Amino acid sequence: MKRIHQLTVIVFSLLLFTDIAAQTGTKEINYEGLKIIFKKTPKEVVTASLFIKGGTANITEAQQGLEALSLSLALGGGTKTLDKDAFAAQADKLGTSFNATASKDYSRMTMTCLKDNWDKSWVMFADAILNPSMNENEFKVIRDQMISAAKQQESNPDANLRKLASDQLFGGSDYAKVPNGIPSTLENLKIDDVKKYYASLLGKKKCFLVVVGNIDEAGLLNNIKNTLAKLPVGSEPKKPSFKSVTEPTVNIKDRAIATNYILGTLNAPKYFTTDGPLFEFAMSILYDRYFVELRTKRSLSYAPAAFYSKNTIEQPTASLYISTIDPKQSLQVMTDIINDIKKNGFTEKEVKDKKKEYLTDYYMTNEASAFQAGQLGFCEASGNWRMFDEINNKIDLVKTPDLNKTFNKYMKTIDWTYLGKEDKVAKEDFKQLAPSNEKLPVSDLKKTKKQ
Amino acid sequence: MKKSILLFALSFTVAFALRAQGNWPANIHLSKLPNGLQVLVVEDNSVPLVTVEIAVHNGSYTEPPEYNGLSHLYEHMFFKANKDIPSQEKYLDRIHELGISFNGTTGTERVNYFFTLGSKEVNEGLQFLNSAIRYPLFLKEEMKKENPVVDGEFQRAESSPFWPLLDKFNHKMWGDLFSRKNVIGDHQVILTCTPEKMNVIKDKYYYPNNSILVVAGAVKNDDIVKKVTAIFADWKPSEFDPFQKWPIPEFKPLNPADSLSFVVTSPNAQVPALQIGWLGPDTRNDIKSTVVADVFSYILTQKNSKFQKSLIDSGYALNAGINYGTQQHTGPITLFMIPNPAKFKPSFKMLQEQLNQFDAPDYFTDDQIATAKIKLINQEKYGTEVTSNFAHTLTLWWAIASLDYYFNYASELNKVTRADLNEYVRKYIKGKPCVKGLLLNPSQQTNWNVTDLDALFN
């Protein structure tokens, strides 16, 4: 009974930030030019993440994967004082893990440790960031693993579907680049490329640190004093270039697999705007409608979904997703449901119930230091980390008419991508939405019967 | 006389605490209702949430071929009409009203259902759970609609490039008892399932004395025990032990005469993948080895282990590891490797060299043994951080071993010696029959001319 679950965050107004941060224990500190977001929590696990802004804007097309590889090598290849085996053995003994991730707008170097081992783990983390050995053998190992992972992404239907959709929408812009690289670019990367790139990557203007855990502020600052506070000022972060959906498009890729995968993409508002959180809230209700109509009532899919994809910060998207053996009918119903909402709006009960679900999701996010660090970092990269902590105070302010207005404003043109048996669909099956404030097309939801 | 009757009555309605809780954390309390329902309360006030979870000794291990996949289908039907809620739509309405995050999972030896919601509404959550677990209706129309949904989950699994390898591998591992380890089931069985079959499962396994209820979050044990007693005490227990009445058949040893090695191709496979499997220990017959197996696996994950250095650092493989899956009924030991295409054939010989040395005196150091234990203990500490997930961890160990096994795990780990590790290797791995499967795409098979997998190891 897996239900695709989204951890969602809502903020109604961006103009009403108050002292809630102090109440929730989150604090922003500027320490010698380095921005630190620190949240004290009661649990035993501590997460520290150094965020590096820029993402796909930092690399050229030929460098796809370079930043991710550089960060992974820094954290996994040992330091100038501890070779990679000694580093890994010490981390194992402490129960501390290090990992690097890269996304379209930023990258992250993360350390997760137990509270009791915080100081020792920090020393390792800072040493890996500031004094990585950039071991050549480990470089080859990580690069080859990334090539293998990239190939596996191509064969994974969901990953490949997302890649096809991203290429279709963002082709020619920074957002079309794959942060973890593609086989052809990874194969050409050399150790010297990595060393040179990493040497000029980190800087206080481009980076900020998020720490979530049951540690004290003075101890944290003391640890930073002789380590990350020494980072150079560096250059201003860049923002990735992007493209938007401008006209109806259909991209069909034939693949002989057991079911068929579909992703519809529409333009959505930026998260750090009044519309962003409202739209996310609306998409969450759309998800529920898809679940009921496509799965429960019509048995068209195990995994229908609709969600706000905010991870391309400069151009978020609305995603309409399904895996199905009946793509024709599914496509019809997916658009009919949206048309129905555009015509009749969300119900007051849906809005009331969704507020409650949001609270549950919010507190579930607050159960883990890693979730919180991720959300705080995302909000900061989007505009302001306080967005994360504001939810409890703002959630009740969502009004149904505002929600309907925001939904209609953005649910316009769909860019469709299909991966599956080509003979199961025709281009005309990929419907577009009825214009707002106009009569619905013939295929009104209530008239659509299961075939 | 009147007094004694009253005491008698009380003994059937009041839960009693089960233990002094030696190695148990102070915030975890176990009770048992007179009908046999175990109630585990985890007190954690860090967020104002509660997770209510019920788990049942059920899963594919109870399924003969004609029922294969139906524990999973049953799990889906839990989220549909019951005596208090007339349809799935109304069921989902109630989920939304209570702001619940919900799910269920089916494994080989456990089925669990869980709701996370605001802790102030724990009573509503318990009532909701009670209606679903005790009074499902299995409406014909709802089943008809759910069968293809479950089959759709199956089709998604089949769309994975690794499916051909895993499916064939599991058939070889479990032979004519394949259904007992095949959670996803059989297409035909799923698509033709009727409410009658659901009721057969219910009448066999869905009893309080075959279940555990976990309530985890911002709650107090005493209060929860009262609430649970009020709601669940009249759930009638079974008068039989389902596992005595319908015993789980024992898995037969692998027979080398059964062509245990194979090569399978898929046009969607981009990287070669090797999987080797042995029949390992289980918690009924060799509980000590189940702990030793974990230590051994964790030695081999360490970057400075000979296993990793010989295969990964030397460029023979891109990924390699070994895993033991704890079970009550024959846990599998699984070794996987992604050979480096640049050293495809030599990688198998290098792997064989490692297998030959698994019990050699210098294959791992004392320090690596100690580190493996620390890693396992720390992993359990991390597992307690997210209380809503920790509830799942607890019911899993309840199902596949016991709660005492879980809470005593760290002390048992610390007893593991080098001699234990060598004994485990010799008893279950080295020289023992194993299943070997290799996944390639057709052009890789042609280019590398692979037809006999065993020949690659020699």
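Two strands are taken to pair if DSSP finds at least two bridges between them. Helices (H or I, at least four residues) and strands (E, at least two) are DSSP runs numbered from the N terminus. This is a predicted model, in which local features need pLDDT of at least 70 and side-chain atom pairs count only at pLDDT 80 or more, while totals for chains, interfaces and linings use all residues. Residues are numbered from 1 along each chain as its sequence is written, and chains are lettered from A and ligands numbered from 1 in the order in which they are written.

**Strand pairing in chain B**

Strand E2 (residues 28–32) of chain B pairs with E3(B) in the antiparallel sense, over five bridges. Within this pair, Ile28(B) stands opposite Val42(B) of E3(B). The hairpin of E2(B) and E3(B) has five residues between the strands, and Gly36(B) takes a positive phi near 95° there. E3(B) also runs parallel to E7(B), to which six bridges join it. Glu43(B) has Gly217(B) in E7(B) as its bridge partner.

**Helix packing in chain B**

Helix H2 (residues 70–77) and helix H8 (residues 195–205) of chain B pack at an angle of about 95°, and their axes are 10 Å apart. Axes are lines fitted to C-alpha atoms, for helices over the stretch in contact, and angles run from 0 to 180 degrees between N-to-C directions. H2(B) and H8(B) are therefore roughly perpendicular to each other, a term that covers angles of 65 to 115 degrees, with under 35 counted as roughly parallel, over 145 as roughly antiparallel and the rest as oblique. From H2(B), Leu70(B), Ser71(B), Tyr74(B) and Met77(B) meet Lys197(B), Met198(B) and Ile201(B) of H8(B). Residues are in contact if their C-beta atoms, placed from the backbone, lie within 7 Å. The contact of H2(B) with H8(B) comprises five nonpolar residues, one polar and one charged. Here Ala, Val, Leu, Ile, Met, Phe, Trp, Tyr, Cys and Pro count as nonpolar, Asp, Glu, Lys and Arg as charged, and the others, Gly among them, as polar.

**Domains and their contacts**

Domain bounds come from an automatic or database domain assignment. Chain A is divided into domain 1 (21–230) and domain 2 (249–447), with 30 Å between their C-alpha centres. Chain B is divided into domain 1 (15–245) and domain 2 (256–457), and the C-alpha centres of these two domains also lie 30 Å apart.

In chain A, 33 residues of domain 1 are in contact with 25 residues of domain 2. H6(A) supplies the largest share of the domain 1 side, nine residues. In chain B, the contact takes 30 residues from domain 1 and 32 residues from domain 2. Elements giving two or more residues to the domain 1 side include strand E3 (38–43) and strand E7 (211–217) of chain B, and H6(B) gives the most, with six residues.

**Contact between the chains**

Chain A places 51 residues in contact with 54 residues of chain B. On the side of chain A, helices H3 (84–94), H5 (136–155), H10 (275–297) and H12 (348–365) each give two or more residues. H5(A) provides the largest share, 10 residues.

The composition of three contact sides is set out below.

| Contact side | Nonpolar | Polar | Charged |
|---|---|---|---|
| Domain 1 of chain A, touching domain 2 of chain A | 15 residues | 10 residues | eight residues |
| Domain 1 of chain B, touching domain 2 of chain B | 17 residues | seven residues | six residues |
| Chain A, touching chain B | 18 residues | 14 residues | 19 residues |

Conventions
Two residues are in contact if their C-beta atoms, placed from the backbone, lie within 7 Å.
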